[in-house]
Every structure is written in C-alpha cells, then in structure tokens.
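Hi,

Here is the structure I said I would pass on. My notes on what turned up in it come right after.

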Amino acid sequence: MPQLIYVHGFNSSELSYKSQQVLERLHTLGFDGQFACPRLPWQPSKAIQCLETMIESYRAGGREVVLVGSSLGGFYAAYLSAKYELKAVLVNPAVQAPTLLQDYLGKQVNPYTQEEYVLTIEHINELEALANPKCQPNNLWLMLQEGDEVLDYRAALQCYPSVARRICEPNGDHSFVGFERYLDELLRFAGFSLNN
C-alpha cells in the first residue's frame, strides 16, 4: 500500500490548501493513515533531512513512498525522487530555486506559522547542492500552469522534457487552479486502488 508524502513549498506549512485537498480525498476514499505532510524546517538541508528520515522509516516498514511536491516542495521532491527512485508529482515546481530565492534573502515571516527567520546565502548554497537531480523520467508527473505568476513554467519543461505524465494548462496561477480535478488520477498514479 502506498504512503503519500506531500512536500509543501516556501513559507508554507502542512496546512497548505492542496495538501488539505489530498488529505480530504484520501479520507473520503477510506485511505486514512496513508498521507503525511510534515511541517518542514525553513533551512533546505534540515528540510531534506526531515523528509529523508520519513522516507527511510516508511520504506523500512515495507511502504512504497510516493511524493507530491508544490513549488519549492517540487524542487525537494525531484531531488528525493532521484535519490530513492520514487514516483513524484511535481506541481509548478521551483526548478530554479537557488536563483529564485535570492530575491527573498533577509528577514522572512511564514504567513502560515508566523515563524520569523533570516534567509542567507548559506541557505541558497544548500539549495544549490540539491539542484539538477538525475530523475528517472518514468517516475515523474509534471503539472504546470502557464499563468504561474511566481515561476516561469518553461523552466520546468526544459528541465524535464520527458516524463511519464505531463499537464501544461494555459492560464491558471502558481497555486495550480483546479488542482482537485486531478486528485483521483494523481492517487492512481501513486498506486492507490480506486473503484471509480
């Protein structure tokens, strides 16, 4: 039975809207206990360490882990997919995270948790260490919307020219408008057995 880990984005939390949609759908289908969305440390190296510990724990228990990552979470999920050969759904992934987050250097406040911290060049270097993972294309599902106001969707297309599944919709935004339309398909991709 698969264990789904949702990897939230920059200045987000386990309460992110898409993670809650996935959790609610799994609950409706009777798959309680097969979803996790940890609140990640804001430091990239600590966030990865947290996720690696979870993945290794689930795998030690015989679970097949599947990742869903949005924005910076998609960047992390791609790295972990390559390292552990996991299936991953990347939703508007921040494939250029080390460059993009340079615009956020300095004091930050997470709007979900109210945590205050200072993003430094050291943290950008931690992101650099995770960049350009060698993913197995058949493990990835790429979900993009061209109206993304935060990221250039073309960067992800360039980074992942060949994947198992790809959706690239016109319009939309960084949150991926209408994400719920793909929930069942996403769960099937992850290996859940759905009757409908």
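**Salt bridges, sheet and helix 2**

Let's begin with a charged pair: the side chains of Lys107 and Glu116 meet in a salt bridge, 3.5 Å from N to O. By salt bridge I mean a side-chain nitrogen of Lys or Arg within 4 Å of a carboxyl oxygen of Asp or Glu.

Before the rest, the small print. This is a predicted model, with residues numbered from 1 along each chain as its sequence is written, and side-chain values use heavy atoms, leaving out hydrogens and water. Local features need pLDDT of at least 70 and side-chain atom pairs count only at pLDDT 80 or more, while totals for chains, interfaces and linings use all residues.

Back to that pair: Lys107 is exposed at 60% relative accessible area, and Glu116 is exposed too, at 54%. (Buried is under 20% relative accessible area, exposed over 50%, partly exposed in between, with a 1.4 Å probe and protein chains only.)

The structure has 7 salt bridges. Among them is Arg25 with Asp184, at 2.7 Å from N to O. This one ties together distant parts of the chain, 159 residues apart: Arg25 sits in helix 1 (residues 17-28) and Asp184 in helix 7 (residues 183-190). Helices (H or I, at least four residues) and strands (E, at least two) are DSSP runs, numbered from the N terminus. Asp184 is buried, with 16% relative accessible area, whereas Arg25 counts as partly exposed at 23%. Arg154 also has a salt bridge, to Asp152, with the closest N and O atoms 3.0 Å apart. There, Arg154 is exposed at 51% and Asp152 partly exposed at 38%.

Now the sheet. It is open, built from 6 strands in the order 2-1-3-4-7-8, with parallel pairing. Two strands pair if DSSP finds at least two bridges between them. Strand 2 (35-36) and strand 8 (165-169) are the edges; each has a single partner strand, so one side of each lacks a neighbour in the sheet. Strand 2 pairs with strand 1 (residues 2-7) over 2 bridges, in the parallel sense, and Ile5 stands opposite Ala36 of strand 2. Helix 3 (residues 72-84) packs on the sheet, where it touches strand 1, strand 3 (64-70), strand 4 (87-91) and strand 7 (140-145); contact means heavy atoms within 4.5 Å. The direction of helix 3 makes about 150° with that of strand 3. Axes here are lines fitted to C-alpha atoms, for helices over the stretch in contact, and angles run from 0 to 180 degrees between N-to-C directions.

Which residues of helix 2 are buried? They are Pro44, Ala47, Ile48, Leu51, Glu52, Met54 and Ile55. Seen down the axis of helix 2, the buried residues fall within an arc of 165°, so they line one face; the arc is that of the directions from the helix axis to the C-beta atoms. What covers them includes strand 1, strand 2, strand 3, helix 3 and helix 5. On the other side of helix 2, Gln49, Thr53 and Ala60 are exposed. After helix 2 comes Gly62, with a positive phi near 85°.

One last item: Gln136 is in the loop between helix 5 (121-128) and strand 7, and counts as partly exposed at 38%. The C-alpha atoms of Gln136 and Tyr6 are 19 Å apart, with the two positions 130 residues apart along the chain.

Cheers
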